[in-house]
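Q: I should like a close examination of one part of this structure, the ligand site, followed by a brief account of other regions. Please keep the description to what the model itself supports.

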Amino acid sequence: MTGQFDLAVLGGGPGGYVAALRAAQLGARPVLIERERVGGTCLNIGCIPTKALTTSTELLLKARRALEFGLAIPTAAPDLFALMEYKQGSVDALVGGVEHLLKRAGVTLLRGTGHLSAPDTIRVQPDTGDAISVSASRVILAPGSITARPPIPGLDLPGVITSTEALDIPDVPARLIVVGGGVIGLEFACIYEALGSQVTILEMMPTLLPGATDEVVAQRLAILLRRRGMSVVTGAHVEEIVSAGGSLAATYSDGKGVPSRVEGDRVLVATGRWPNTEGLGLAEVGVEMNGRAIDVDEHLATSLPNVWAVGDAVGGPMLAHKAMVDGRVAAENAGGGTRAVDYRSVPNVIFTRPEVASVGLTEAQARQQGADVKVAQFPFSANPRARILGETDGLAKLVCEAGTGVVLGVHLMGPHATDLIAEGALAVQLGATADDLAWTTHAHPTLPEAMLEAALGFRDATLHFSSR
Ligand code: FAD
C-alpha cells in the first residue's frame, strides 16, 4: 500500500488513536495499525474495566450503608455474572465509540501486527492472509506497554495472575495476595476487598504508591486500609511464590529483613509495566532506545527524522491522559509543528477507597529542589458535601512556594479526588497562587470547597476548620 497514506500510526491505544484523529483534523491521510481492538490497554484491559469494577463495588458498599442515608435496601450483594456483563458493556461501548470517531475522521483502520521494516514502511501481518507493506512518509509509534514480570520464582503457578486476568472474576478468592502496592495493585485490592476477599498487600518500598503521591497521603491511605482490615506490608521483598496444599503462599522478607510468609488463594502480581518495544524492528532500522523505552526529545521525535513516538512506549508517567497529550503533540509535529511536551500538569489518579490524586511536586520533592515551601491543608471531615456523602476520610494538601504562594503541587485523598484534581492541574499549569484559588468563588456545598479552604490556609485564614 503505497501513496495512499501520508502518516502511519502503529498502535491504536490512547496515544495512537488520538494521534491519528488529530492528524486527520490537520488534513493528513492517516492509517492506524492495531493488532487487537482500538482503545489499547486503557479501554480494553486498563482504565475503563477497572473503573467499571470500582464503580460497582463502591455502589455495593454504599448500598450496604443505606440506612445511614434513610433508605431500606434489604440485601446488597454482587452478582458476578452481571458485574462482568456491565464491565464488558462499558468497554464495548467505548471501543465502538472510538471506532466510530476514527471512521468519521477518515482514518483507515488496518488490523494486524506491524513492525517497522524501513523508516517509512510498516510491514503488517493480519490474523489471516499474507503480510502487506504500508508506506507513509511519516510514522508515529504508539505500541504501549506490557505487564512487567519481576524475577520472582513461581509466577507461572496456577492462580498467580496479572491485572488482565484480575479483571475476570468468576469467583471471589477468600484470600488475595497483591504483590505491589502501586496504583494498579491498590485499585484491585480495593475492588476485591469490597467483593469479600481478605487482602494482603506486599510492597517493596517503604510507603504505598511510591512516586505517585505525597508521602503524607500514602501513609494516611495505609492507615485507612489497615483500619478496614487489609494487611499492608511495606518494605517487603517477595522472594518466591509456592504452592501450599491447594492454595498459594508468598515468602518475603519484611522491612527489617525478617523472613515471613503469607498464604492466599490467588496472587495478583502488579509490579508495574514495561514499554512494549520488542519485536517491532526498531533497533534494526535505527530507532535509538533508552533502555526498554523509545528515546524521544521534547517534541517526541525519535532518532529518525520522520518518526515520532508516544505514550507508554516512551516511558515517563504511564497514564492514558499523558499518552493522549503525547498523541496530540506528535500529530502536530508530524504535520510540521514544533510543539514541546509539557508534563508539569499531568495528574496521577488512583481509584482506591478513598480516591487519591496528585499533581505537581510533592512536599519532599519541592524541598529537595530547594524551594522555600509552605504547606496548607484541609480535612474532608470539615467539608459539608463530604459529610452528606458519608465520605469524610482524607484531606486536600497544597504545596506552595512560601513567598509567592505559587502552587507547586496539589495532593488529594477523599471523595471524588480524581475529579477534583482538575483544579489543581489547572493551578499548576497556569502558575496560579494559593490566593488565586482562595479568591475563586467555589460553589457551596461542594467537594471543591476543600481546595478553597486549603488555599485559605496558606494565609492561616481557613474558615471552616479549627485545629485548636
Ligand atoms: P496502549 O494503551 O498499551 O496501546 C498500545 C496499542 O498498540 C495496543 O492496542 C496494542 O494492541 C497495540 N500494539 C502493540 N504492538 C503492536 C504491533 N506490533 N502491531 C499492532 N498493534 C500493536 N491510566 C490512566 O490514566 N488512568 C487509569 O485509571 C488507568 N488505569 C489502568 C488500569 C490498569 C489495570 C492498567 C494495566 C493500566 C491503567 N492505566 C491507567 C494506564 C493506561 O492504560 C496506559 O497508560 C495507556 O493505555 C497507554 O496508552 P498507549 O496508547 O501508550 O498504549
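Which of the 38 residues around the ligand come nearest?

A: The model is a predicted one. Gly15, Glu34, Thr41, Lys51 and Ala320 are the residues that come nearest, out of 38 around the ligand.

Three polar approaches to the ligand can be described in detail. At Gly15, a backbone N or O atom lies 2.8 Å from an oxygen atom of the ligand. The side chain of Lys51 places an N or O atom 2.7 Å from an oxygen atom of the ligand. A polar backbone atom of Arg35, in turn, is 3.2 Å from a nitrogen atom of the ligand. Thus Gly15 and Arg35 are described here through backbone atoms, and Lys51 through its side chain.

A separate topic is the second largest pocket, with a volume of about 810 Å³. It is lined by 26 residues, of which Glu58, Arg65, Arg353, Pro354 and Glu391 are the closest to its centre. Helix H3 (47–64), helix H6 (183–195) and helix H7 (215–227) are the elements that give two or more residues to this lining. The largest share, seven residues, comes from H3. By class, the lining of this pocket comprises 11 charged, eight nonpolar and seven polar residues.

Another region to consider is helix H14 (residues 449–457), which is mostly covered, with nine of its nine residues buried. Among these buried residues are Glu449 and Glu453, together with Met451, Leu452 and Leu456. The cover over the buried residues of H14 includes three strands, S23 (373–379), S24 (395–401) and S25 (407–414), as well as helix H12 (417–430) and helix H13 (434–438).

The segment after H14 contains His464. His464 counts as exposed because its relative accessibility is 55%, and the cut-off for that class is over 50%. Leaving aside neighbours within four places in sequence, His464 is in contact with Phe378, Ala382 and Glu453. With Glu453, the link is also polar: a contact of 2.5 Å joins the two side chains. An exposed residue, His464, is therefore joined by a polar contact to Glu453, a buried residue of H14. His464 and Pro379 lie 85 residues apart in sequence, yet their C-alpha atoms are 10.0 Å apart in space.

How values were computed
Residues are numbered from 1 along each chain as its sequence is written. This is a predicted model: local features need pLDDT of at least 70, side-chain atom pairs count only at pLDDT 80 or more; totals for chains, interfaces and linings use all residues. Side-chain values use heavy atoms; hydrogens and water are left out. On a 1 Å grid over the protein atoms alone, a cavity is a set of points where a 1.4 Å probe fits but cannot get out, and a pocket is an open set with protein on both sides within 12 Å along at least five of seven lines; lining residues have an atom within 4 Å of a point. Grid points are joined across faces, edges and corners, and a volume is the space filled by probe spheres set on the points. Helices (H or I, at least four residues) and strands (E, at least two) are DSSP runs, numbered from the N terminus. Ala, Val, Leu, Ile, Met, Phe, Trp, Tyr, Cys and Pro count as nonpolar, Asp, Glu, Lys and Arg as charged, and the others, Gly among them, as polar. Buried means under 20% relative accessible area, exposed over 50%, partly exposed in between (1.4 Å probe, protein chains only). Contact means heavy atoms within 4.5 Å. A residue is near a molecule or strand if one of its heavy atoms lies within 4 Å of it. A polar contact is a pair of N or O atoms within 3.5 Å; within protein, one must be able to donate a hydrogen and the other to accept it, and residues adjacent in sequence count only if both atoms are side-chain atoms.
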